[in-house]
Amino acid sequence: MKESPRKTLNRLKRNIIELEAQKISEGLESSNDVIVVATLNELKRLKDPFHMHKGMVFLSSSSDDVIIAALKYLNAVEHPLSLEEITPLLKRGMKIRREVAKIARLMEYSQACEILKKLIKDHLAEVKIAAMRTISEIGCEKLLKDVEEVANDVNPKVSVVAIGTLAELGGDVEGKLLTEIVSNASLPDKIRIEALKVYVKNSIGPLKFLKEIATSSHPALSSKALELMGEMKCDEVWDTLENVLSDSKNIPLRICAALSALKSCKDKTEVEDVAIGYLTHPSLKVKISAFKIVMKTENIRAVEFVNDFLKSENSELIKVAVPFVYKYPDEDNVQMLKKMVEEGNEKAIISALKVLKKLKLRNESASKYLDRNYPINVRTQALRTLAAVNDIFDEDLKGIVTSSEPLEFRIAALDGLATIAPEKLLELEES
């Protein structure tokens, strides 16, 4: 029975990645810790499973950086670890203990819970938090009492994560403590916002408090509260959203309210009106947010708005509009897109090439981006675009696959060959 091109393609990809990993792995023999760390990081990126035994050896390194890189690599390739292998690392620095907390998920369940029980009692917040996140992930129910103790930690950041973990384990959530943290103006916004998220997710009746925060005088918290309302029923939150939408003084909050209403409510009329009114606002951030809202409402003037943004002299506005040419490919928008590729708008070129690929449009200027003078992400997208419209020779693609080009470029060429001339894959494998 003849093998499918897909199987041949997958095997070729695997072989290329294995050879690349083998070359990279030579750095593991270096006596320079910096080179070893860089090598482990690259093997992690490739999710290379063939050097796990060497990764394990580095857990006994004298360098914290090497151990951390080894733990991250082993975590990425999901290499199981034992209590005996991990326990010595608990005496090392904070960053190592934090990585141990993360990789504990790969240990045998009871051993993982044993390690995590020690780590949530660590004297440093970063380690406690990492441990509790893993407890939430694997569900160490026997640590319920230990987590309850940590919920009363003097550090509110730790306390918030502990309460969230407690909820994941089926324990009782202390709503009063969370609302106190949210309302504490002396705490950083990030902690208060995290407490608000945990409260809304785990409280039986969070709406009253959420509405209070949405109409508070603190912009960051109000914005997050309005955002969370987007996950609720429209008739429950519309009174608050409508009040904010009618307040022309606070533009960022109006945008937040519009985005939430867009998610939860069927009637988009008022949202559209608000967003369209801000398409010409002086603030770049407001303009872009308004544009994204209008695109989601599929307004009848959407083509016109895309056209206006593409004509802008601001590269950020152009960049946000380019992907929507695929949805609204009228003649003017397509011509502007082609011109953009010809002229090489640096910020928007990748998006422009992607749209050409999706629309199956040829553009003779696309091939110039294969040149090595361009960044690898631009070159790779250009290659994918040319292959999608059959505008590159299969022999050229074969040449790239067998070259010393960067891995992602060679993989893109291999995918292109599978699209243009799948019968050539077997030839490539046999050569």
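Two residues are in contact when heavy atoms of theirs lie within 4.5 Å. The model on your screen is predicted, so local features need pLDDT of at least 70 and side-chain atom pairs count only at pLDDT 80 or more, while totals for chains, interfaces and linings use all residues. Residues are numbered from 1 along each chain as its sequence is written, and side-chain values use heavy atoms, with hydrogens and water left out.

**The whole protein**

Begin with the full chain in view, where you will find 26 helices and zero strands; helices (H or I, at least four residues) and strands (E, at least two) are DSSP runs, numbered from the N terminus. Along the principal axes, the C-alpha atoms fill a box of roughly 65 × 65 × 45 Å. Of the 431 residues, 48% are buried, where buried means under 20% relative accessible area, exposed means over 50%, and partly exposed lies in between, using a 1.4 Å probe and protein chains only.

**Helix H2**

Next, select residues 33-46, which form helix H2. Its 14 residues should span 20 Å at 1.5 Å a residue, and its end C-alpha atoms are indeed 20 Å apart; the expected span is 1.5 Å times one less than the number of residues. Colour Val-36, Val-37, Thr-39, Leu-40, Leu-43 and Leu-46, which are buried in H2, and then show helix H1 (5-24), helix H4 (64-76) and helix H25 (407-420), which are among what covers them. At the N-terminal end of H2, Asn-32 acts as a cap, with a side-chain oxygen 2.8 Å from the backbone nitrogen of Val-34. After H2 comes Lys-47, with a positive phi near 50 degrees.

**Asn-299**

Move on to Asn-299, in the loop between helix H18 (284-297) and helix H19 (302-310). Is this residue buried or exposed? Asn-299 counts as buried because its relative accessibility is 11%. Leaving aside residues up to four places away in sequence, Asn-299 touches Glu-272, Ile-276, Val-294 and Phe-305. The side chains of Asn-299 and Glu-272 also make a polar contact at 3.2 Å; such a contact is a pair of N or O atoms within 3.5 Å, and within protein one must be able to donate a hydrogen and the other to accept it, while residues adjacent in sequence count only if both atoms are side-chain atoms.

**Two loop residues**

Finally, select Lys-360, in the loop between helix H22 (349-359) and helix H23 (376-388), where phi is positive, near 55 degrees. Lys-360 counts as exposed, at 55% relative accessibility. Asn-390, in the loop between H23 and helix H24 (394-401), has a positive phi of about 55 degrees and is partly exposed at 44%.
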